[in-house]
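Got a minute to walk through this one with me? Here it is, and then we'll go through some questions about it.

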Amino acid sequence: MLKIKNNIAISDSGFVFDARTGDSFTLNTTGLEIVQLIKEGKDYQGVLQVFLDKYEVDPESFERYYLDFVATLKHMNLIEGNGED
Amino acid sequence: MSKLTFERPIIQRVNAGLPSKYGIPRRLEPISHIDGSSIRSLLEEFGSPLFVLSEQTIRKTYREAYRAFSSRYPNVQFSWSYKTNYLNAVCNIFHQEGAWAEVVSGFEYHKALENGVPGELIIFNGPDKSIEDLKLAISNNSLIHIDHFDELYDIIHLSREMNERPKVAIRVNMDVGIYPIWDRFGFNYENGEAWDAINRVMASKTLDLIGLHTHIGTYILSTEAYRIAAGKLASLAVKLEKKYGLALKYIDMGGGFASKNTLRGAYYPGTDTAPSFDDFAEAITSGLMSSEIKPDHLPMLVLETGRALIDEAGYLAGTVLATKRLSDGRRATIIDAGVNLLFTSFWYDHDIRPVEIVSDQTEDTTLYGPLCMNIDVVRGNLMFPLLKKGDHYVIRRVGAYNNTQWLQFITFRPNVVMLDMKGKPHLIRRRESLETINSQEEIPDHLKNFNL
(Lines give C-alpha, C1' and ligand atoms only; values in the text may rest on other atoms or scores of the structure.)
Protein backbone atom coordinates (compact mmCIF):
# COMPACT_ATOMS: atom_id res chain seq x y z
CA MET A 1 0.00 0.00 0.00
CA LEU A 2 1.29 3.44 -0.94
CA LYS A 3 1.78 5.81 1.93
CA ILE A 4 2.47 9.53 1.81
CA LYS A 5 5.25 10.40 4.24
CA ASN A 6 4.18 11.74 7.65
CA ASN A 7 6.13 14.95 7.35
CA ILE A 8 4.21 16.07 4.27
CA ALA A 9 1.52 18.69 4.69
CA ILE A 10 -1.04 19.09 1.92
CA SER A 11 -3.48 21.98 1.66
CA ASP A 12 -6.91 21.82 0.08
CA SER A 13 -5.69 23.98 -2.79
CA GLY A 14 -2.94 21.53 -3.79
CA PHE A 15 0.01 23.15 -2.04
CA VAL A 16 2.44 20.57 -0.66
CA PHE A 17 5.07 21.26 2.00
CA ASP A 18 7.81 18.86 3.04
CA ALA A 19 8.67 19.85 6.63
CA ARG A 20 11.82 17.73 6.61
CA THR A 21 13.48 19.41 3.62
CA GLY A 22 11.60 22.70 3.40
CA ASP A 23 10.69 21.94 -0.23
CA SER A 24 7.29 22.93 -1.47
CA PHE A 25 5.30 21.62 -4.43
CA THR A 26 2.06 22.25 -6.21
CA LEU A 27 -0.43 19.70 -7.45
CA ASN A 28 -2.99 20.13 -10.18
CA THR A 29 -6.60 19.15 -9.45
CA THR A 30 -6.29 15.52 -10.51
CA GLY A 31 -2.94 15.19 -8.77
CA LEU A 32 -4.40 16.55 -5.53
CA GLU A 33 -7.33 14.21 -5.76
CA ILE A 34 -5.10 11.17 -6.18
CA VAL A 35 -2.90 12.20 -3.25
CA GLN A 36 -5.94 12.72 -1.03
CA LEU A 37 -7.32 9.31 -1.99
CA ILE A 38 -3.98 7.70 -1.22
CA LYS A 39 -3.96 9.47 2.15
CA GLU A 40 -7.43 8.11 2.82
CA GLY A 41 -5.90 4.70 2.39
CA LYS A 42 -7.39 3.79 -0.98
CA ASP A 43 -5.45 1.28 -3.08
CA TYR A 44 -5.09 1.56 -6.86
CA GLN A 45 -8.46 -0.10 -7.56
CA GLY A 46 -10.16 2.34 -5.20
CA VAL A 47 -8.55 5.37 -6.81
CA LEU A 48 -9.32 4.04 -10.27
CA GLN A 49 -13.00 3.59 -9.45
CA VAL A 50 -13.33 7.16 -8.20
CA PHE A 51 -11.77 8.50 -11.38
CA LEU A 52 -13.79 6.30 -13.73
CA ASP A 53 -16.97 7.52 -12.06
CA LYS A 54 -16.03 11.16 -12.15
CA TYR A 55 -13.85 11.74 -15.24
CA GLU A 56 -13.90 11.08 -18.96
CA VAL A 57 -11.04 8.57 -18.91
CA ASP A 58 -10.56 4.89 -19.74
CA PRO A 59 -8.86 2.47 -17.30
CA GLU A 60 -5.83 1.92 -19.53
CA SER A 61 -5.06 5.63 -19.95
CA PHE A 62 -5.64 6.25 -16.26
CA GLU A 63 -3.26 3.49 -15.24
CA ARG A 64 -0.55 4.93 -17.47
CA TYR A 65 -0.82 8.44 -16.04
CA TYR A 66 -1.32 7.16 -12.47
CA LEU A 67 1.86 5.08 -12.52
CA ASP A 68 3.79 7.97 -14.04
CA PHE A 69 2.45 10.32 -11.38
CA VAL A 70 3.27 7.96 -8.51
CA ALA A 71 6.79 7.52 -9.91
CA THR A 72 7.17 11.31 -9.82
CA LEU A 73 6.01 11.37 -6.17
CA LYS A 74 8.68 8.79 -5.40
CA HIS A 75 11.25 10.80 -7.35
CA MET A 76 10.39 13.77 -5.14
CA ASN A 77 10.70 11.69 -1.97
CA LEU A 78 7.11 12.20 -0.92
CA ILE A 79 6.25 8.52 -0.54
CA GLU A 80 7.38 6.08 2.13
CA GLY A 81 10.09 3.69 0.91
CA ASN A 82 9.07 0.29 -0.43
CA GLY A 83 5.53 1.50 -0.74
CA GLU A 84 4.66 -0.90 -3.51
CA ASP A 85 1.04 -0.98 -4.53
CA MET B 1 -24.49 14.05 -15.32
CA SER B 2 -21.66 14.36 -17.82
CA LYS B 3 -18.18 13.49 -16.68
CA LEU B 4 -15.33 15.95 -16.21
CA THR B 5 -12.42 16.25 -18.64
CA PHE B 6 -9.45 14.29 -17.36
CA GLU B 7 -6.15 16.08 -17.04
CA ARG B 8 -2.90 14.24 -16.42
CA PRO B 9 -2.05 14.40 -12.68
CA ILE B 10 1.15 16.34 -12.02
CA ILE B 11 3.20 17.62 -9.14
CA GLN B 12 5.78 20.36 -9.55
CA ARG B 13 8.47 21.67 -7.28
CA VAL B 14 8.05 25.31 -6.33
CA ASN B 15 11.29 27.11 -6.97
CA ALA B 16 11.34 30.12 -4.70
CA GLY B 17 13.49 32.94 -5.93
CA LEU B 18 13.31 36.52 -6.98
CA PRO B 19 10.52 36.95 -9.47
CA SER B 20 11.65 38.38 -12.79
CA LYS B 21 10.30 41.82 -13.45
CA TYR B 22 10.15 40.82 -17.11
CA GLY B 23 7.92 37.85 -16.34
CA ILE B 24 6.11 36.68 -19.44
CA PRO B 25 2.67 35.14 -18.87
CA ARG B 26 3.07 31.41 -18.94
CA ARG B 27 -0.39 30.60 -20.15
CA LEU B 28 -0.36 29.53 -23.78
CA GLU B 29 -3.65 30.40 -25.41
CA PRO B 30 -4.86 27.52 -27.55
CA ILE B 31 -5.27 28.07 -31.30
CA SER B 32 -8.22 26.01 -32.47
CA HIS B 33 -8.89 27.65 -35.85
CA ILE B 34 -6.93 29.20 -38.69
CA ASP B 35 -8.91 31.65 -40.81
CA GLY B 36 -12.10 30.17 -39.41
CA SER B 37 -11.13 26.62 -40.35
CA SER B 38 -10.96 24.09 -37.49
CA ILE B 39 -7.47 22.65 -37.10
CA ARG B 40 -8.86 19.43 -35.68
CA SER B 41 -11.08 18.94 -38.75
CA LEU B 42 -8.16 19.74 -41.08
CA LEU B 43 -6.07 17.06 -39.36
CA GLU B 44 -8.93 14.57 -39.66
CA GLU B 45 -9.34 15.30 -43.37
CA PHE B 46 -5.72 15.67 -44.47
CA GLY B 47 -3.79 13.64 -41.89
CA SER B 48 -1.29 14.53 -39.22
CA PRO B 49 1.10 16.29 -39.26
CA LEU B 50 -0.07 18.94 -41.72
CA PHE B 51 1.31 22.20 -43.05
CA VAL B 52 -1.37 24.87 -43.35
CA LEU B 53 -0.79 28.10 -45.28
CA SER B 54 -3.09 31.09 -45.11
CA GLU B 55 -3.75 32.95 -48.36
CA GLN B 56 -5.35 35.76 -46.37
CA THR B 57 -2.21 36.29 -44.31
CA ILE B 58 0.09 36.13 -47.34
CA ARG B 59 -1.88 38.79 -49.21
CA LYS B 60 -2.32 40.95 -46.13
CA THR B 61 1.40 40.82 -45.31
CA TYR B 62 2.42 41.52 -48.90
CA ARG B 63 0.12 44.54 -49.13
CA GLU B 64 1.40 45.87 -45.84
CA ALA B 65 5.01 45.57 -47.03
CA TYR B 66 4.22 47.11 -50.41
CA ARG B 67 2.39 50.02 -48.82
CA ALA B 68 5.29 50.68 -46.44
CA PHE B 69 7.71 51.12 -49.36
CA SER B 70 5.45 52.58 -52.05
CA SER B 71 4.22 55.32 -49.72
CA ARG B 72 7.82 56.47 -49.29
CA TYR B 73 9.41 55.89 -52.70
CA PRO B 74 8.09 56.50 -56.21
CA ASN B 75 9.04 53.23 -57.89
CA VAL B 76 8.93 49.99 -55.90
CA GLN B 77 9.01 46.41 -57.15
CA PHE B 78 8.94 43.23 -55.04
CA SER B 79 10.41 40.02 -56.36
CA TRP B 80 9.37 36.76 -54.70
CA SER B 81 12.29 34.86 -53.24
CA TYR B 82 11.64 31.34 -54.50
CA LYS B 83 14.00 29.62 -52.09
CA THR B 84 11.98 30.84 -49.10
CA ASN B 85 8.94 28.89 -50.25
CA TYR B 86 8.61 27.66 -53.81
CA LEU B 87 5.33 25.80 -53.55
CA ASN B 88 3.70 26.93 -56.79
CA ALA B 89 0.47 28.02 -55.09
CA VAL B 90 2.47 30.28 -52.79
CA CYS B 91 4.55 31.75 -55.64
CA ASN B 92 1.44 32.44 -57.67
CA ILE B 93 -0.20 34.43 -54.88
CA PHE B 94 2.82 36.72 -54.86
CA HIS B 95 2.79 36.91 -58.67
CA GLN B 96 -0.93 37.77 -58.59
CA GLU B 97 -0.07 40.55 -56.16
CA GLY B 98 2.48 41.88 -58.66
CA ALA B 99 5.78 40.41 -57.47
CA TRP B 100 8.40 39.25 -59.97
CA ALA B 101 10.43 36.08 -59.34
CA GLU B 102 13.86 35.94 -57.69
CA VAL B 103 15.59 32.60 -58.24
CA VAL B 104 18.98 31.16 -57.32
CA SER B 105 19.30 28.01 -59.41
CA GLY B 106 18.36 26.53 -62.76
CA PHE B 107 15.69 24.47 -61.01
CA GLU B 108 14.06 27.56 -59.48
CA TYR B 109 14.43 29.42 -62.78
CA HIS B 110 12.47 26.73 -64.61
CA LYS B 111 9.91 26.65 -61.82
CA ALA B 112 9.30 30.39 -62.27
CA LEU B 113 9.02 29.99 -66.05
CA GLU B 114 6.54 27.12 -65.65
CA ASN B 115 4.50 29.25 -63.27
CA GLY B 116 4.18 31.67 -66.16
CA VAL B 117 6.52 34.45 -65.04
CA PRO B 118 7.86 36.25 -68.16
CA GLY B 119 11.62 35.70 -68.51
CA GLU B 120 12.38 39.42 -68.37
CA LEU B 121 10.76 39.61 -64.92
CA ILE B 122 12.96 36.89 -63.39
CA ILE B 123 15.94 37.96 -61.30
CA PHE B 124 18.62 35.28 -61.45
CA ASN B 125 20.80 35.38 -58.32
CA GLY B 126 23.18 32.92 -56.72
CA PRO B 127 26.69 31.54 -57.20
CA ASP B 128 25.63 28.50 -59.25
CA LYS B 129 24.42 29.26 -62.76
CA SER B 130 25.44 26.71 -65.39
CA ILE B 131 26.32 27.75 -68.94
CA GLU B 132 22.99 26.28 -70.03
CA ASP B 133 21.17 28.31 -67.34
CA LEU B 134 22.97 31.47 -68.44
CA LYS B 135 22.18 30.88 -72.11
CA LEU B 136 18.50 30.48 -71.32
CA ALA B 137 18.46 33.52 -69.04
CA ILE B 138 20.22 35.62 -71.71
CA SER B 139 17.84 34.58 -74.46
CA ASN B 140 14.87 35.31 -72.15
CA ASN B 141 16.21 38.78 -71.27
CA SER B 142 16.23 37.83 -67.59
CA LEU B 143 18.01 39.98 -65.05
CA ILE B 144 21.29 38.20 -64.24
CA HIS B 145 22.92 39.22 -60.99
CA ILE B 146 26.63 38.47 -61.29
CA ASP B 147 28.19 36.81 -58.26
CA HIS B 148 31.89 36.42 -59.21
CA PHE B 149 34.41 37.22 -61.93
CA ASP B 150 34.32 33.69 -63.41
CA GLU B 151 30.62 34.18 -64.04
CA LEU B 152 31.20 37.67 -65.42
CA TYR B 153 33.65 36.31 -67.99
CA ASP B 154 31.30 33.46 -68.89
CA ILE B 155 28.56 35.99 -69.60
CA ILE B 156 30.87 38.18 -71.69
CA HIS B 157 31.84 35.11 -73.77
CA LEU B 158 28.22 34.10 -74.17
CA SER B 159 27.16 37.58 -75.20
CA ARG B 160 29.64 37.42 -78.09
CA GLU B 161 28.84 33.85 -78.98
CA MET B 162 25.08 34.43 -78.93
CA ASN B 163 25.29 37.96 -80.28
CA GLU B 164 22.99 39.16 -77.50
CA ARG B 165 23.18 41.93 -74.91
CA PRO B 166 22.62 40.23 -71.53
CA LYS B 167 20.94 42.38 -68.89
CA VAL B 168 23.09 42.22 -65.79
CA ALA B 169 23.47 43.64 -62.32
CA ILE B 170 26.47 43.47 -60.04
CA ARG B 171 25.98 41.90 -56.66
CA VAL B 172 27.80 43.91 -54.00
CA ASN B 173 28.75 42.83 -50.49
CA MET B 174 29.77 45.35 -47.87
CA ASP B 175 30.37 46.21 -44.25
CA VAL B 176 27.15 47.62 -42.82
CA GLY B 177 27.95 46.99 -39.19
CA ILE B 178 26.49 43.47 -39.19
CA TYR B 179 28.90 40.74 -38.16
CA PRO B 180 29.93 38.38 -39.52
CA ILE B 181 30.00 40.28 -42.80
CA TRP B 182 28.33 38.34 -45.58
CA ASP B 183 31.19 38.63 -48.04
CA ARG B 184 30.90 35.33 -49.86
CA PHE B 185 28.34 36.54 -52.38
CA GLY B 186 29.13 39.16 -54.97
CA PHE B 187 31.95 41.70 -55.07
CA ASN B 188 33.19 43.67 -52.10
CA TYR B 189 32.48 47.38 -51.84
CA GLU B 190 35.18 48.48 -49.42
CA ASN B 191 38.15 46.91 -51.21
CA GLY B 192 37.08 48.34 -54.56
CA GLU B 193 36.25 45.01 -56.21
CA ALA B 194 32.65 45.99 -56.87
CA TRP B 195 33.80 49.12 -58.70
CA ASP B 196 36.31 47.00 -60.67
CA ALA B 197 33.52 44.63 -61.67
CA ILE B 198 31.36 47.55 -62.80
CA ASN B 199 34.24 48.87 -64.91
CA ARG B 200 34.82 45.44 -66.39
CA VAL B 201 31.14 45.17 -67.38
CA MET B 202 31.22 48.65 -68.95
CA ALA B 203 34.46 47.86 -70.80
CA SER B 204 32.98 44.73 -72.34
CA LYS B 205 30.51 46.88 -74.32
CA THR B 206 28.39 43.77 -74.84
CA LEU B 207 26.56 43.71 -71.49
CA ASP B 208 23.77 46.03 -70.37
CA LEU B 209 24.43 47.01 -66.76
CA ILE B 210 21.00 47.85 -65.48
CA GLY B 211 21.18 47.36 -61.72
CA LEU B 212 23.08 46.97 -58.50
CA HIS B 213 22.20 44.41 -55.90
CA THR B 214 23.07 43.63 -52.30
CA HIS B 215 21.85 41.15 -49.75
CA ILE B 216 23.38 42.04 -46.42
CA GLY B 217 22.32 38.98 -44.44
CA THR B 218 19.35 37.21 -42.99
CA TYR B 219 17.04 37.83 -40.02
CA ILE B 220 18.49 41.34 -39.67
CA LEU B 221 17.10 43.21 -36.68
CA SER B 222 18.94 46.47 -37.39
CA THR B 223 17.31 48.85 -39.84
CA GLU B 224 20.37 51.09 -39.71
CA ALA B 225 22.32 48.41 -41.60
CA TYR B 226 19.93 48.84 -44.52
CA ARG B 227 20.33 52.61 -44.50
CA ILE B 228 24.12 52.16 -44.76
CA ALA B 229 23.76 49.57 -47.52
CA ALA B 230 21.40 51.79 -49.52
CA GLY B 231 23.83 54.68 -49.16
CA LYS B 232 26.77 52.60 -50.39
CA LEU B 233 24.90 51.26 -53.43
CA ALA B 234 23.72 54.80 -54.19
CA SER B 235 27.31 56.06 -54.10
CA LEU B 236 28.28 53.43 -56.69
CA ALA B 237 25.32 54.51 -58.84
CA VAL B 238 26.45 58.13 -58.63
CA LYS B 239 30.03 57.20 -59.59
CA LEU B 240 28.71 55.17 -62.51
CA GLU B 241 26.64 58.05 -63.83
CA LYS B 242 29.52 60.47 -63.40
CA LYS B 243 32.02 58.30 -65.26
CA TYR B 244 29.82 56.68 -67.93
CA GLY B 245 26.69 58.84 -67.99
CA LEU B 246 24.69 55.71 -67.24
CA ALA B 247 21.59 55.96 -65.03
CA LEU B 248 20.79 52.60 -63.42
CA LYS B 249 17.33 51.12 -63.92
CA TYR B 250 17.16 49.61 -60.44
CA ILE B 251 18.76 49.15 -57.06
CA ASP B 252 17.96 45.79 -55.48
CA MET B 253 18.22 45.79 -51.68
CA GLY B 254 17.73 42.03 -51.39
CA GLY B 255 15.91 40.74 -48.34
CA GLY B 256 16.80 39.51 -44.89
CA PHE B 257 14.12 41.35 -42.94
CA ALA B 258 13.49 39.59 -39.63
CA SER B 259 10.16 37.85 -39.10
CA LYS B 260 8.41 37.76 -35.75
CA ASN B 261 9.90 34.40 -34.79
CA THR B 262 12.16 34.35 -31.73
CA LEU B 263 15.78 33.36 -32.25
CA ARG B 264 17.10 30.68 -29.91
CA GLY B 265 18.74 32.29 -26.92
CA ALA B 266 17.09 35.67 -27.52
CA TYR B 267 15.95 37.35 -24.31
CA TYR B 268 12.95 39.13 -25.77
CA PRO B 269 10.41 37.50 -28.10
CA GLY B 270 10.63 38.29 -31.81
CA THR B 271 7.17 39.83 -31.66
CA ASP B 272 8.75 42.62 -29.59
CA THR B 273 12.09 42.95 -31.34
CA ALA B 274 11.46 42.53 -35.09
CA PRO B 275 11.27 45.92 -36.84
CA SER B 276 8.14 46.58 -38.89
CA PHE B 277 8.06 46.96 -42.67
CA ASP B 278 7.69 50.69 -42.07
CA ASP B 279 10.94 50.71 -40.09
CA PHE B 280 12.85 48.90 -42.86
CA ALA B 281 11.21 51.04 -45.54
CA GLU B 282 12.08 54.26 -43.74
CA ALA B 283 15.75 53.26 -43.47
CA ILE B 284 16.13 52.09 -47.08
CA THR B 285 14.18 54.84 -48.81
CA SER B 286 15.77 57.61 -46.77
CA GLY B 287 19.19 56.11 -47.58
CA LEU B 288 18.39 56.38 -51.30
CA MET B 289 16.50 59.68 -51.27
CA SER B 290 19.20 61.48 -49.30
CA SER B 291 21.96 60.21 -51.62
CA GLU B 292 23.52 62.18 -54.47
CA ILE B 293 21.42 60.38 -57.08
CA LYS B 294 19.61 62.97 -59.22
CA PRO B 295 15.91 63.06 -58.29
CA ASP B 296 14.75 62.44 -61.87
CA HIS B 297 17.14 59.45 -62.13
CA LEU B 298 16.00 57.67 -58.99
CA PRO B 299 16.19 53.99 -59.88
CA MET B 300 13.45 51.47 -59.25
CA LEU B 301 13.77 49.98 -55.76
CA VAL B 302 13.64 46.18 -55.90
CA LEU B 303 13.05 44.12 -52.75
CA GLU B 304 13.49 40.37 -52.41
CA THR B 305 12.31 39.88 -48.88
CA GLY B 306 11.12 36.33 -48.33
CA ARG B 307 11.04 35.37 -44.66
CA ALA B 308 9.12 38.42 -43.44
CA LEU B 309 6.49 37.97 -46.17
CA ILE B 310 5.67 34.31 -45.66
CA ASP B 311 6.69 33.16 -42.16
CA GLU B 312 3.52 34.39 -40.47
CA ALA B 313 1.25 32.63 -42.99
CA GLY B 314 2.53 29.11 -42.28
CA TYR B 315 1.38 26.72 -39.55
CA LEU B 316 2.40 23.17 -38.76
CA ALA B 317 -0.32 21.23 -36.96
CA GLY B 318 -0.08 17.73 -35.59
CA THR B 319 -0.62 15.23 -32.82
CA VAL B 320 1.09 14.32 -29.55
CA LEU B 321 2.51 10.79 -29.84
CA ALA B 322 3.55 10.26 -26.23
CA THR B 323 4.69 11.86 -23.03
CA LYS B 324 7.41 10.47 -20.81
CA ARG B 325 9.70 11.41 -17.98
CA LEU B 326 13.41 11.99 -18.43
CA SER B 327 15.99 10.75 -15.93
CA ASP B 328 15.96 14.03 -14.01
CA GLY B 329 12.19 14.07 -13.68
CA ARG B 330 11.58 16.59 -16.46
CA ARG B 331 8.73 15.92 -18.83
CA ALA B 332 9.30 15.02 -22.45
CA THR B 333 6.55 15.31 -25.02
CA ILE B 334 6.96 13.56 -28.35
CA ILE B 335 5.11 15.09 -31.28
CA ASP B 336 4.68 13.79 -34.81
CA ALA B 337 6.67 16.57 -36.54
CA GLY B 338 10.39 16.88 -35.99
CA VAL B 339 13.39 18.70 -37.37
CA ASN B 340 12.89 16.82 -40.65
CA LEU B 341 9.83 19.01 -41.30
CA LEU B 342 10.73 21.96 -39.14
CA PHE B 343 14.25 22.80 -40.18
CA THR B 344 13.87 26.24 -38.63
CA SER B 345 13.66 24.75 -35.12
CA PHE B 346 17.47 24.64 -35.27
CA TRP B 347 17.52 28.42 -34.90
CA TYR B 348 14.10 29.47 -33.61
CA ASP B 349 12.26 28.94 -30.36
CA HIS B 350 9.02 28.31 -32.22
CA ASP B 351 5.70 29.40 -30.77
CA ILE B 352 3.89 26.11 -30.13
CA ARG B 353 0.28 26.09 -28.92
CA PRO B 354 -2.27 23.51 -27.92
CA VAL B 355 -5.28 23.20 -30.25
CA GLU B 356 -7.80 22.09 -27.64
CA ILE B 357 -8.69 24.07 -24.53
CA VAL B 358 -6.34 23.25 -21.65
CA SER B 359 -6.13 24.22 -18.00
CA ASP B 360 -3.71 26.80 -16.63
CA GLN B 361 -1.36 24.04 -15.53
CA THR B 362 1.96 23.87 -17.31
CA GLU B 363 5.16 21.97 -16.75
CA ASP B 364 8.74 22.24 -17.89
CA THR B 365 8.81 20.17 -21.05
CA THR B 366 11.19 19.22 -23.79
CA LEU B 367 9.44 18.77 -27.12
CA TYR B 368 10.89 15.99 -29.22
CA GLY B 369 10.06 15.10 -32.79
CA PRO B 370 9.31 11.53 -33.92
CA LEU B 371 12.69 10.74 -35.45
CA CYS B 372 14.96 8.09 -34.00
CA MET B 373 17.74 10.67 -33.78
CA ASN B 374 19.04 12.48 -30.73
CA ILE B 375 19.11 15.84 -32.51
CA ASP B 376 15.36 15.79 -33.07
CA VAL B 377 14.47 18.47 -30.52
CA VAL B 378 11.76 20.92 -31.52
CA ARG B 379 11.94 22.97 -28.29
CA GLY B 380 14.66 22.41 -25.70
CA ASN B 381 12.58 23.53 -22.76
CA LEU B 382 9.37 25.41 -22.46
CA MET B 383 6.53 25.68 -20.01
CA PHE B 384 3.91 23.68 -21.83
CA PRO B 385 0.33 22.64 -20.96
CA LEU B 386 -0.33 19.02 -19.98
CA LEU B 387 -1.04 17.53 -23.38
CA LYS B 388 -1.77 13.82 -23.60
CA LYS B 389 -1.31 11.26 -26.35
CA GLY B 390 -3.69 12.13 -29.18
CA ASP B 391 -4.01 15.82 -28.27
CA HIS B 392 -3.20 18.31 -31.00
CA TYR B 393 -0.70 21.11 -31.25
CA VAL B 394 -0.02 23.85 -33.76
CA ILE B 395 3.28 25.60 -34.44
CA ARG B 396 3.12 29.19 -35.66
CA ARG B 397 5.27 31.09 -38.16
CA VAL B 398 6.70 28.21 -40.14
CA GLY B 399 6.02 29.58 -43.65
CA ALA B 400 9.63 30.48 -44.46
CA TYR B 401 12.22 27.89 -45.50
CA ASN B 402 10.52 24.81 -44.06
CA ASN B 403 8.75 23.81 -47.28
CA THR B 404 12.04 24.15 -49.14
CA GLN B 405 14.58 22.85 -46.61
CA TRP B 406 12.52 19.99 -45.19
CA LEU B 407 14.14 16.59 -45.36
CA GLN B 408 12.86 13.31 -46.65
CA PHE B 409 14.42 11.56 -43.68
CA ILE B 410 13.05 8.46 -41.92
CA THR B 411 9.49 9.35 -42.86
CA PHE B 412 7.46 11.03 -45.58
CA ARG B 413 6.80 14.71 -45.99
CA PRO B 414 3.14 15.39 -45.22
CA ASN B 415 0.30 17.10 -47.03
CA VAL B 416 0.35 20.87 -47.39
CA VAL B 417 -2.97 22.70 -47.59
CA MET B 418 -3.73 26.30 -48.35
CA LEU B 419 -6.75 28.05 -46.88
CA ASP B 420 -8.22 30.36 -49.50
CA MET B 421 -9.61 33.84 -48.78
CA LYS B 422 -12.78 32.23 -47.38
CA GLY B 423 -10.87 29.77 -45.22
CA LYS B 424 -11.62 26.80 -47.49
CA PRO B 425 -8.76 24.26 -47.60
CA HIS B 426 -7.08 23.26 -50.88
CA LEU B 427 -4.46 20.53 -51.05
CA ILE B 428 -1.40 22.16 -52.67
CA ARG B 429 1.22 19.45 -52.14
CA ARG B 430 0.44 15.78 -51.72
CA ARG B 431 1.93 13.66 -48.96
CA GLU B 432 4.81 11.55 -50.22
CA SER B 433 4.48 7.79 -50.34
CA LEU B 434 6.79 4.81 -50.64
CA GLU B 435 6.22 4.99 -54.41
CA THR B 436 7.40 8.62 -54.51
CA ILE B 437 10.69 7.63 -52.95
CA ASN B 438 11.18 4.30 -54.68
CA SER B 439 10.37 5.71 -58.10
CA GLN B 440 13.73 7.51 -58.02
CA GLU B 441 15.71 4.37 -57.25
CA GLU B 442 17.25 1.66 -59.44
CA ILE B 443 18.41 -1.73 -58.14
CA PRO B 444 21.16 -3.51 -60.13
CA ASP B 445 20.09 -7.00 -61.29
CA HIS B 446 22.47 -8.83 -58.97
CA LEU B 447 20.98 -7.02 -55.95
CA LYS B 448 17.34 -7.68 -56.73
CA ASN B 449 16.99 -10.93 -54.79
CA PHE B 450 18.17 -12.41 -51.56
CA ASN B 451 17.54 -15.44 -49.39
CA LEU B 452 17.34 -15.01 -45.67
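**Strands, the interface and a helix**

Q: Along strand 3 of chain A, which side chains point to one face and are buried?
A: This is a predicted model, so keep that in mind throughout. In a regular strand the side chains alternate between the two faces of the sheet. Strand 3 (residues 24–27) of chain A does just that: A:S24 and A:T26 point to one side and are not buried. Pointing the other way, and buried, are A:F25 and A:L27.

Q: In strand 3 of chain A, what is the bridge partner of A:V16?
A: Start with the pairing: strand 2 (residues 15–18) of chain A runs antiparallel to strand 3 of chain A, over 3 bridges. On the strand 3 side, A:V16 has as its bridge partner A:F25.

Q: In the hairpin of strand 2 and strand 3 of chain A, which residue takes a positive phi?
A: This hairpin has 5 residues between its strands. The one with a positive phi, near 85 degrees, is A:G22.

Q: In strand 2 of chain B, what is the bridge partner of A:L27?
A: Strand 3 of chain A also pairs across to the other chain, meeting strand 2 of chain B in the antiparallel sense over 3 bridges. Recall that A:L27 is on the buried face of its strand. Its bridge partner over in chain B is B:I11.

Q: Do strand 4 of chain A and strand 1 of chain B pair in the parallel or antiparallel sense?
A: Strand 4 (residues 55–56) of chain A and strand 1 of chain B are joined over 2 bridges. One bridge links A:Y55 with B:L4. The sense of this pairing is parallel.

Q: Which element gives the largest share of the side of chain B that touches chain A?
A: On the whole, 16 residues of chain B are in contact with 23 residues of chain A. Two elements of chain B give two or more residues to its side: strand 1 (4–5) and strand 2 (11–13). The largest share, 3 residues, comes from strand 2 of chain B.

Q: How many residues on the side of chain B that touches chain A are nonpolar?
A: That side mixes its chemistry, with 5 polar and 5 charged residues. The nonpolar ones number 6.

Q: Is B:I93 buried or exposed?
A: B:I93 sits in helix 3 (residues 88–97) of chain B. Leaving out residues up to four places away in sequence, B:I93 touches B:E55, B:I58 and B:R59. Because 20 other C-beta atoms lie within 10 Å, B:I93 counts as buried.

Q: What separates the C-alpha atoms of B:I93 and B:R59?
A: B:R59 is one of the residues that B:I93 touches. The two are 34 residues apart along the chain, while their C-alpha atoms are separated by 7.4 Å.

Terms used: Residues are numbered from 1 along each chain as its sequence is written. Chains are lettered from A and ligands numbered from 1 in the order in which they are written. This is a predicted model: local features need pLDDT of at least 70, side-chain atom pairs count only at pLDDT 80 or more; totals for chains, interfaces and linings use all residues. Two residues are in contact if their C-beta atoms, placed from the backbone, lie within 7 Å. Helices (H or I, at least four residues) and strands (E, at least two) are DSSP runs, numbered from the N terminus. Ala, Val, Leu, Ile, Met, Phe, Trp, Tyr, Cys and Pro count as nonpolar, Asp, Glu, Lys and Arg as charged, and the others, Gly among them, as polar. Two strands pair if DSSP finds at least two bridges between them. A residue is buried if 20 or more other C-beta atoms lie within 10 Å of its own, exposed if 12 or fewer, and partly exposed in between; C-beta atoms are placed from the backbone.
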